[in-house]
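Please find below my notes on the model, set out as numbered points for your own reading alongside the coordinates.

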Amino acid sequence: MAAGFLGLSAPTASADSVVSRIDVYSPSMDRWIANDVISPAGGGPAPTFYLLTGVGGGEDGISWFNNTGVRDFFDDKHVNVVMPVGGKFSMYTDWNADDPVLGRNKWQTYLTKELPAAVNARYNTTGVNALGGVSMAGGPVLDLAIQSPGTYRAVGSYSGCPRAGDPLGQAAVRSMVEILGGGNAANMWGPWGSPQWAAHDPLINAEKLRGTALFISTGNGLPCPVDGINSLAMAAGVVPGAVLEGITNMCTAALQGRFGQLGIPATFSFRPEGTHTWGLFEADMRASWPMIASAIGA
């Protein structure tokens with residue numbers, strides 16, 4: 001069966017956009033995958049901005065669509081915004097083998113081939129794409145651009161750890177796949193040390209991102225108003241988020257250094273505050289939009 005789409009919910013329209021949910025069949029995973037879509041109400045073909053969520057893949061109800069103001073932000077913008085629901089603990093990559101816990105994951109194939117084909121068939125698009133991802137997806141969005149050259153003209157990586165081929169990168173990946181997800185990362189890219197781990201590391205393969213418009217952001221782990229925290233009494237509730245953002249800050253600094261060595265242009269945003277929260281993620285996505293919009297003609 002070829003990739004296709006199935007309308008799930010009646011579209012809801014505002015002054016300038018239409019919000020809908022569609023199921024897209026993935027032949028590579030042999031299942032239907034839900035996608036929330038914001039599309040402009042009119043005005044001719046529009047580019048498409050794909051937005052990936054964190055470790056739960058949106059299957060836990062935590063996502064751009066549910067936890068941010070994306071519907072309001074993109075309401076008056078001439079762009080299709082597609083937010084897949086799925087991919088928990090998968091690193092949004094193609095796995096070598098089915099996993100007893102996490103099943104069949106072929107997310108690179110879905111995101112670079114199957115989903116864009118279905119979106120272009122269903123919506124009025126220009127065929128020009130951008131990709132954004134947060135937290136678990138912050139590294140994979142860069143890797144997807146590396147693995148599928150030309151698919152995305154712009155990439156926004158928000159509070160991710162873009163490395164996999166060294167001990168820190170391995171620890172970050174395995175913490176999401178194995179500790180949180182219960183899967184076996186050897187089913188993904190083989191045993192640690194196999195060539196695939198390095199092949200999916202944006203730090204190692206940074207040269208392949210040359211020519212793509214890039215926005216890469218992180219906070220530094222200090223609670224601040226952008227997190228949605230209104231008092232120091234609430235700060236204890238973001239200690240895990242503070243630790244996570246400290247790690248993403250370190251990963252992002254390493255990538256900035258690598259880009260500097262290679263002379264690859266990119267926009268890096270290091271906020272002096274901010275923990276691993278949707279308040280920070282949304283603020284950085286909004287900050288990246290002018291660059292992304294310019295790159296894709298939105």
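1. In this predicted model, the charged end of Lys-77 is placed over the ring of Phe-73, at 4.1 Å from the ring centre. The side chain of Lys-77 also meets that of Asp-76 in a salt bridge, with an N to O distance of 3.2 Å. The two partners of this bridge are classified separately: Lys-77 is buried, with a relative accessible area of 19%, which falls under the 20% cut-off, whereas Asp-76 counts as exposed at 55% relative accessibility. A second charge over a ring is found at Arg-122, which lies over the face of Tyr-123 at 4.8 Å from the ring centre.

2. How many salt bridges does the structure hold? There are nine salt bridges in the structure, and one of them joins Lys-88 to Glu-59, with the closest N and O atoms 4.0 Å apart. Because Lys-88 lies in the loop between β6 and α3 (107–122) and Glu-59 in the loop between β5 and α1 (64–67), this pair ties together parts that are 29 residues apart in sequence. Lys-88 is partly exposed at 37% relative accessibility, and Glu-59 is partly exposed with a relative accessible area of 42%. Another bridge is formed by Asp-98 and Arg-104, whose closest N and O atoms are 3.0 Å apart; here Asp-98 counts as partly exposed at 42%, and Arg-104 counts as partly exposed at 37%.

3. Turning to the aromatic side chains, the count comes to 15 aromatic pairs. The rings of Tyr-25 and Trp-32 have centres 5.4 Å apart and planes at 55°, so this pair is classed as tilted. Tyr-25 is buried, with a relative accessible area of 8%, while Trp-32 counts as partly exposed at 37% relative accessibility. For Phe-49 and Phe-74 the ring centres are 6.2 Å apart and the planes stand at 65°, so the pair is edge-to-face. This pair links distant parts of the chain, with Phe-49 in strand β5 (residues 46–52) and Phe-74 in the loop between α2 (70–73) and β6 (80–85), 25 residues apart. Both Phe-49 and Phe-74 are buried. In addition, one aromatic cluster is formed by Trp-64, Tyr-158, Phe-215, Trp-278 and Phe-281.

4. Which cysteines form a disulfide? The count comes to one disulfide, and it is formed by Cys-161 and Cys-251, with their sulfur atoms 2.0 Å apart. The angle about the S-S bond is -60°, and the link of Cys-161 and Cys-251 is left-handed. Distant parts of the chain are linked by this pair, since Cys-161 sits in the loop between β8 (154–158) and α5 (167–180) and Cys-251 in helix α8, 90 residues apart. Cys-161 and Cys-251 are both buried.

5. Two helices may be read against each other for their surroundings. Helix α4 (residues 140–147) has seven of its eight residues buried, so this helix is largely enclosed by the rest of the structure; the buried residues are Pro-140, Val-141, Leu-142, Asp-143, Leu-144, Ala-145 and Ile-146. As for helix α8 (residues 239–262), Val-243 lies in this helix, and Val-243 contributes, together with Leu-244, Ile-247 and Met-250, to a nonpolar surface patch of about 340 Å². Helix α8 also carries Cys-251 of the disulfide, and that cysteine is buried.

How values were computed. Residues are numbered from 1 along each chain as its sequence is written. This is a predicted model: local features need pLDDT of at least 70, side-chain atom pairs count only at pLDDT 80 or more; totals for chains, interfaces and linings use all residues. Side-chain values use heavy atoms; hydrogens and water are left out. Patches are made of residues with over 30% relative accessible area and no salt bridge: like charges are joined within 9 Å, nonpolar side chains (Val, Leu, Ile, Met, Phe, Trp, Tyr) within 5 Å. Accessible areas come from the Shrake-Rupley method with a 1.4 Å probe; for residues, only the protein chains shown count as cover. Helices (H or I, at least four residues) and strands (E, at least two) are DSSP runs, numbered from the N terminus. Rings of Phe, Tyr and Trp (its six-membered ring) pair if their centres lie within 6.5 Å; planes under 30 degrees apart count as stacked, over 60 as edge-to-face and the rest as tilted. Buried means under 20% relative accessible area, exposed over 50%, partly exposed in between (1.4 Å probe, protein chains only). A charge sits over a ring if NZ of Lys or CZ of Arg is within 6 Å of the ring centre and within 35 degrees of the ring normal. A disulfide is a pair of cysteine sulfur atoms within 2.5 Å.
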